[in-house]
Amino acid sequence: MASDAKKVEVKKLGMIGATFLIISSLAGSGVIALPQQLAFTGSITLISFILVTIGALFLTLVYVRAGEQFDDPSPTALATYISPLLGAQCGFFYVYGNLISNVSILIAGLGYLAMFVPQLNDPFVLGMTIITLIWVFVALSLRGVGIIAQVVSITVTLLLISVALTSVLGWLEFNPVQFKENWNVSGKDEGSAIMSGFAILIFSYVGVESVATNAAQIKNPHKVVPIATIVGFLVVALFYILSTTVMEGMFTAREIQDAPASFALSMEKITHSSYVGSIVSLVMSVACIASFIVWGLNSVSAAKTSADNGFLPKAYSRVNRYGIPGTGLVINAVIMTLVEIVLMMMGSNIAEAFNISVTISVLLLLFPYFWSGIALLKKGVKEQKATAGNLAIVFLSSVFILSAFASANFDELLIVIAAALVIPGVYAVLMNVDIVHADSKS
């Protein structure tokens with residue numbers, strides 16, 4: 001009886017909370033970092049944006065269908081459904097790819113704070129601030145999903161207001177001539193310029209699986225997960241395209257490149273007030289940093305799924321009285337701290353640290369995304385319910401995924417290929433994966 005008294009009722013998210021969950025994970029570092037990163041290529045990235053958005057839509061539909069057909073539609077669970085060996089790989093690629101991505105989120109948020117605290121441009125100060133935030137937000141996450149939903153809902157609402165105002169009012173300041181002059185400033189041919197924007201654009205859509213990954217924290221997941229996933233994606237995609245496109249006609253490419261706080265710059269011009277720009281910068285930074293909480297929960301939920309299947313250390317399976325894998329959160333915080341220490345030792349500033357962490361994390365996460373689609377096809381064949389619609393969705397999402405590898409450079413691909421070759425062997429030896437036993441369970 002005493003132990004029962006200590007139990008805390010686990011709060012779960014409804015439709016609105018789940019929708020905010022995916023919007024926050026997509027619109028956090030994704031939207032606020034986009035204008036500056038794309039400005040190095042030019043307004044030709046509008047074509048890149050349209051192509052990537054179409055591909056990301058089909059990837060989103062993979063998780064919509066998975067949410068309807070699987071009890072656990074998370075990438076790690078879907079990969080395990082195909083094969084225990086792939087489940088083991090996914091346990092590494094998805095979890096640790098997300099941890100690198102989490103560091104990117106904090107870097108992007110601090111880029112907006114740099115206008116108030118110039119010292120953040122120093123790699124050491126930036127690194128120590130990131131490490132501090134990692135542990136502060138892990139402490140908050142240990143209290144459960146309720147406080148996460150409250151923080152995220154407030155900050156993302158403020159973020160979306162800033163982005164929406166830029167998307168609508170920015171057209172009053174839009175200059176078609178400026179947009180044309182910014183068309184291709186990369187020095188590359190148009191085909192290469194279009195492809196060069198793919199990596200950062202794909203990063204902006206990483207998170208379409210966030211509701212599916214946290215299905216255990218959602219009320220009535222078979223109904224809520226599909227609807228929240230598609231609604232959240234469409235809202236963010238609309239704001240992404242409108243806001244980044246209008247900025248290319250408001251400023252020169254160089255002005256955007258030199259402004260980490262791009263939306264603060266746009267709102268300052270729209271309102272002709274530096275005070276408004278400062279407020280927007282603060283709001284965007286807080287919203288971006290708050291989305292780190294969502295991604296921290298995503299990462300540890302995926303790690304728990306993988307650990308439950310024997311593919312990651314059992315420590316990830318331990319759940320505290322709030323229903324959160326607390327030990328796993330601490331382990332992940334240690335790993336993210338080490339990642340940031342490496343970036344500090346490299347002397348990376350905000351832009352450099354963001355680019356390095358984004359590229360590696362995206363390439364790692366593409367593997368679980370691809371396997372999720374294959375799991376959907378396997379279930380259709382196994383249950384004799386295969387449809388042409390599912391086949392088309394998986395095929396087009398796979399084209400989207402493979403396009404990211406075409407945009408990566410040789411060194412980046414070499415790191416990922418090495419990981420794909422080495423990790424299965426390491427897991428088979430160290431984690432004692434019993435493939436036959438796991439197959440019989442599936």
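Asn-98 touches Phe-93, Trp-295, Ser-299 and Leu-365, not counting neighbours within four places in sequence. The model is a predicted one. Asn-98 is part of helix α6, which covers residues 84–113. Its relative accessibility is 0%, so Asn-98 counts as buried.

**Aromatic pairs and cluster**

- Across the whole structure, a search finds 13 aromatic pairs.
- One aromatic pair, Tyr-205 with Phe-233, is tilted, with 5.4 Å from centre to centre and 40° between the planes.
- Tyr-205 belongs to helix α11 (residues 198–205) and Phe-233 to helix α13 (residues 221–248), so this pair ties together parts that are 28 residues apart in sequence.
- Tyr-205 counts as buried because its relative accessibility is 2%.
- Phe-233 is buried as well, with a relative accessible area of 1%.
- One aromatic cluster is formed by Phe-92, Phe-93, Tyr-96, Phe-367 and Trp-371; Phe-93 is also among the residues in contact with Asn-98.

**Lysines over rings**

- Lys-269 sits over the face of Phe-251, 5.0 Å from the ring centre.
- Lys-379 sits over the face of Phe-70, at 4.8 Å from the ring centre.

**Nonpolar surface**

- Ile-154, Leu-158, Ile-161, Leu-165, Val-168, Leu-169 and Leu-172 make a nonpolar surface patch of about 650 Å².
- Val-168, one of the patch residues, lies in helix α8, which covers residues 145–169.
- Val-168 has 56% relative accessibility and therefore counts as exposed, whereas Asn-98, at 0%, counts as buried.

Definitions and conventions. Residues are numbered from 1 along each chain as its sequence is written. This is a predicted model: local features need pLDDT of at least 70, side-chain atom pairs count only at pLDDT 80 or more; totals for chains, interfaces and linings use all residues. Side-chain values use heavy atoms; hydrogens and water are left out. Helices (H or I, at least four residues) and strands (E, at least two) are DSSP runs, numbered from the N terminus. Buried means under 20% relative accessible area, exposed over 50%, partly exposed in between (1.4 Å probe, protein chains only). Contact means heavy atoms within 4.5 Å. Patches are made of residues with over 30% relative accessible area and no salt bridge: like charges are joined within 9 Å, nonpolar side chains (Val, Leu, Ile, Met, Phe, Trp, Tyr) within 5 Å. Accessible areas come from the Shrake-Rupley method with a 1.4 Å probe; for residues, only the protein chains shown count as cover. A salt bridge is a side-chain nitrogen of Lys or Arg within 4 Å of a carboxyl oxygen of Asp or Glu. Rings of Phe, Tyr and Trp (its six-membered ring) pair if their centres lie within 6.5 Å; planes under 30 degrees apart count as stacked, over 60 as edge-to-face and the rest as tilted. A charge sits over a ring if NZ of Lys or CZ of Arg is within 6 Å of the ring centre and within 35 degrees of the ring normal.
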